[in-house]
Amino acid sequence: MQILGIETSCDETAAAVVADQSPRIHASLVLSQLAEHQRFGGIVPEVAARAHLAHLDRLVSRALAEAGAGWADLDGVAATGGPGLIGGVMVGVMLAKAVALARGLPFLAVNHLEGHALTARLTDDVPFPFLLLLVSGGHCQLLIVEGVGRYRRLGTTVDDAAGECFDKGAKLLGLGFPGGPAIETAAAAGDPRRYPLPRPLKGRPGCDFSFSGLKTAVREIVAARGGPTALAAGDVADLAASLQAAIRDSLVERTRHAIRSFRGSHPAGAHLVVAGGVAANRALRAALSELAAQHGLGFVAPPPALCTDNAAMIAWAGLERLKAGLADGLEFAPRPRWPLDPKAPKAVGAGVKA
Ligand code: KG4
Ligand code: ZN
């Protein structure tokens with residue numbers, strides 16, 4: 001079984017061909033729009049949608065060529081159906097529907113978050129159920145993954161996502177976008193104990209996260225020292241290391257709580273999985289690996305290129321959905337918001353966004 005996957009929900013245009021037989025990934029191309037957005041200082045939805053439109057056809061053709069596959073070799077077409085920037089999602093969904101209609105193939109509208117969630121099964125065949133820490137630029141959640149399309153959310157952020165905290169912290173330190181990799185690089189030469197930043201929600205029960213206070217603490221330190229241009233390279237490194245340590249500790253502490261819940265409700269579950277762009281962070285991967293070992297759980301973190309946005313994860317989630325008989329109709333409408341667990345209770349303190 002071979003699936004074409006398309007990802008256009010944010011600022012990366014991506015196309016991939018993935019199969020159920022090893023080697024699974026036959027092609028996975030990611031085109032970053034970084035240069036297009038840099039002059040605006042952030043992602044502009046309209047610019048993103050136009051860039052997807054300009055590049056997607058060519059990228060899909062290249063992915064098929066690289067996989068040595070023609071349309072006739074495909075068993076389905078999957079595209080991110082949400083959540084994300086709606087103009088971009090529409091571009092990917094329209095192309096996937098057109099191919100599905102023209103070739104008589106099943107169409108699969110994939111939840112971008114499910115793409116991240118199932119990546120550990122693409123790379124490591126992790127069995128259900130598993131505990132998932134999903135950490136990206138827009139999301140920060142702890143979920144029990146019970147099966148394809150079956151998620152139980154244990155916690156989410158009450159304000160910023162972890163990736164957002166890396167990105168905003170990097171901006172405050174004058175390190176550019178995307179902030180996660182920039183902070184990680186700067187932190188390598190820094191002292192994580194120099195600035196005792198807060199560990200938000202530490203000691204509180206539950207599995208929710210909060211990161212906006214951390215961003216405020218960094219802003220105050222930078223302002224007190226005369227702004228980012230007044231910081232010496234050593235200060236930037238120490239602040240980056242301190243911020244990375246604070247984000248890591250918060251994620252680990254809340255995940256520890258989640259392991260307790262997971263153990264109680266799903267005693268057969270044996271794995272902790274991390275996914276999403278922030279899962280590329282080495283300090284976080286090391287700390288989570290240790291946490292999992294302490295609790296006798298296996299730990300899986302996909303390779304960094306499959307943590308950040310890509311289309312292989314969309315093709316794989318599409319493949320799993322097709323096998324589960326979950327193909328979509330062509331009437332599917334793109335969804336700007338699309339929670340994995342619609343029945344999840346609201347986060348404690350939700351709505352206190354700073
Ligand atoms: O999953 P992703 O590519 O896009 C979303 O769906 O949001 O995640 C992007 C986020 C950005 O906030 C970026 O700064 C962060 O992942 N990120 C990292 C690293 N690489 C990417 N954060 C920390 N360390 C990294 N190495
Ligand atoms: Zn993502």
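With 354 residues, a compact globule would be expected to have a radius of gyration near 20 Å, and the protein chain, here a predicted model, has 20 Å, which agrees. This radius is taken over C-alpha atoms, and the globule rule is 2.2 Å times the number of residues to the power 0.38. Along its principal axes, the C-alpha trace spans about 60 × 50 × 35 Å. The chain holds eleven helices and ten strands, where helices (H or I, at least four residues) and strands (E, at least two) are DSSP runs numbered from the N terminus.

Residues are numbered from 1 along each chain as its sequence is written, while chains are lettered from A and ligands numbered from 1 in the order in which they are written. In this predicted model, local features need pLDDT of at least 70 and side-chain atom pairs count only at pLDDT 80 or more, whereas totals for chains, interfaces and linings use all residues, and side-chain values use heavy atoms, with hydrogens and water left out.

**Two domains and their interface**

The chain is divided into domain 1, made of 2-120 together with 305-323, and domain 2, made of 128-304; these bounds come from an automatic or database domain assignment. The C-alpha centres of domain 1 and domain 2 lie 26 Å apart. Contact (heavy atoms within 4.5 Å) joins 19 residues of domain 1 to 24 residues of domain 2.

About 1,500 Å² is buried between domain 1 and domain 2, and carbon and sulfur atoms give 71% of this area. Buried area here is the accessible area (1.4 Å probe) that two parts lose on being put together, summed over both. Of the area that domain 1 buries against domain 2, L113, A117 and C307 supply 34%, more than any other three residues.

Between the two domains there are zero salt bridges, a salt bridge being a side-chain nitrogen of Lys or Arg within 4 Å of a carboxyl oxygen of Asp or Glu. There are, however, nine residue pairs in polar contact between domain 1 and domain 2, with both residues at pLDDT 80 or more. A polar contact is a pair of N or O atoms within 3.5 Å; within protein, one must be able to donate a hydrogen and the other to accept it, and residues adjacent in sequence count only if both atoms are side-chain atoms.

On the side of domain 1 that touches domain 2, the elements giving two or more residues are α1 (34-38), α4 (112-124), α10 (304-307) and α11 (312-323). Among these, α4 gives the most, with seven residues.

**Backbone features in loops**

Cis peptide bonds join G82 to P83 and F177 to P178, and a positive phi is found at D125 and at L201, neither of which is a glycine.

| Feature | Angle | Loop |
|---|---|---|
| cis G82–P83 | omega about -15° | P83: between β4 (76-82) and α3 (86-103) |
| cis F177–P178 | omega about -5° | P178: between α5 (162-172) and α6 (179-187) |
| D125 | phi about 50° | between α4 and β6 (130-135) |
| L201 | phi near 65° | between α6 and α7 (212-224) |
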